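Welcome! Let us take a walk through this structure together, one region at a time.

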Amino acid sequence: METSAAKAKYVRYYDSREFFFTSESVSYGHPDKVADQISDAILDAYLREDPYSRVACETLVTTDLCIIAGEVRGPEKVQKNIEEIVRNQIKAIGYDHPGFSYKTVKVQNYLHAQSAEIAKGVDNKDHKLEGAGDQGIMFGYACRESEELMPAPIYYSHKILHNIFDAIKAGKLPATLGPDAKSQVSIQYRGNDAVGIHNVVVSIQHDESLNQAKVRELIYPFVKAAFPEEWVIPQDEFYVNPTGSFVVGGPQADTGLTGRKIIVDTYGGSAPHGGGAFSGKDPTKVDRSAAYMARYLAKNVVAAGHANSCTIQLAYAIGVAHPLALYVNTHGTGENGIEDFIQNKIIENVDLTPWGIREHLKLHAPIYLPTASYGHFGRKPGANGEFSWEKTDLADKLK
């Protein structure tokens, strides 16, 4: 058990006021997530054939139309299979609806060769000198509000949809629900501590045979199970399909674009965001790989016991190997001067060049499709290298 003296070294960043903070999540059938999954399915197809493929793939989906565009450098056989990859991914998501079906969707492929100027900035015979694929700033964040060291509002928003769609797949909820859905959770805070639920919103697509009251009744147990047992969902603050019905969904109802859910993908607005999207980008693009490294570093700082929350920022210039800047902030939840100590430990133990990041986190593998729904952070590391940035194997070296 932590002693009073040990606790005393952590300073509360917020005052003792009470406030609410809200985050949202979206399901794998949401139009923007359909686009993200198609982009990452294409990326994985390239990496499966050649781990050093270069891919920047954007997707637009709307009523029975899917447009693919972007820049690639990789095996020609993948380019020939793009339409098949798209249809298979739409089928896997579950869209065989009038207006958007894997059988009838028109696929237009506008992928073309990567810019020679970009390639020149990244390529180097000495991999350690390979430059960043773009300029930009990336943030990582971790805190003690949940078991996965994620902010509570986004963590529980994701968990609600996970519970519901796991239940649908297991036959515990009818298949007449989904695949398009959104959740939103407002958490009550007292100082730094998440103490309860203020309200919950779930909008989920359903068959015409289900009315609003029935949908609410069906999903409530799985929503409740997402939260700590002692937390109560106020019944007058539990909103399900607030417009009354949600029969028409997915790309038939709303156009989807790759990268439009960057806050859902990261920390739900609880931490800064550099503005760069992830899906469809190979790991030479620091928008993705450096954001993963920043999360890895922040999570390991918190896991090491240095602070209750931590923000890490990395900055890069296109064609330059080493980061231009490293920023550490423990938000007053660690000892005085701890940021300098952490920064030095990171520099001692981690190669923050684009190549170093890719090697440390094993990012050349086809591991990206699972990231394209339910967030890129706060996930369990997979047996095949998925979510390697969620490991806390650096914590001892940072102590």
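A good place to begin is strand β2, which covers residues 54–62 and is joined to β11 by two bridges, the two strands running antiparallel. If you look along this pairing, you will find L60 standing opposite L257 of β11. Please keep in mind as you look that the model is predicted.

Now step back to take in the sheet to which these strands belong. This is an open sheet of four strands, in the order β6-β3-β2-β11, and its pairing is mixed. Two of the strands stand at the edges: β6, residues 106–113, and β11, residues 256–257. Each of them has a single partner strand, so one side of each is left without a neighbour in the sheet.

Helices come next. Helix α2, made of residues 31–49, packs on the sheet and touches β2, β3 (65–73), β6 and β11. The direction of α2 makes about 150° with that of β2. Helix α4, residues 82–93, lies across β3 and β6 and runs at about 130° to β6.

Let us move on to another strand, β8, which spans residues 177–190 and contains Q184. Is Q184 buried, exposed or partly exposed? Its relative accessible area is 32%, and because this value falls between the 20% limit for buried and the 50% limit for exposed, Q184 counts as partly exposed. Leaving aside residues up to four places away in sequence, Q184 touches T22, S23, E24, S157, N199, V200 and V201. For a sense of distance, compare Q184 with K345: they are 161 residues apart in sequence, and their C-alpha atoms are 37 Å apart in space.

Our last stop is the aromatic rings. A pair of such rings is described by the distance of the centres and the angle of the planes. The count here comes to 17 aromatic pairs. In one of them, F278 and F377, the ring centres are 6.1 Å apart and the planes are at 70°, so the pair is edge-to-face. This pair links distant parts of the chain, 99 residues apart. F278 sits in the loop between α8 (262–265) and α9 (286–303), while F377 sits in the loop between α11 (354–361) and α12 (395–398).

How accessible are these two residues? F278 is buried, with a relative accessible area of 3%, and F377 is also buried, at 2%. Both belong to one aromatic cluster, formed by Y141, Y267, F278, Y292, F377, F387 and W389.

Conventions. Residues are numbered from 1 along each chain as its sequence is written. This is a predicted model: local features need pLDDT of at least 70, side-chain atom pairs count only at pLDDT 80 or more; totals for chains, interfaces and linings use all residues. Side-chain values use heavy atoms; hydrogens and water are left out. Two strands pair if DSSP finds at least two bridges between them. Contact means heavy atoms within 4.5 Å. Axes are lines fitted to C-alpha atoms, for helices over the stretch in contact, and angles run from 0 to 180 degrees between N-to-C directions. Buried means under 20% relative accessible area, exposed over 50%, partly exposed in between (1.4 Å probe, protein chains only). Rings of Phe, Tyr and Trp (its six-membered ring) pair if their centres lie within 6.5 Å; planes under 30 degrees apart count as stacked, over 60 as edge-to-face and the rest as tilted.
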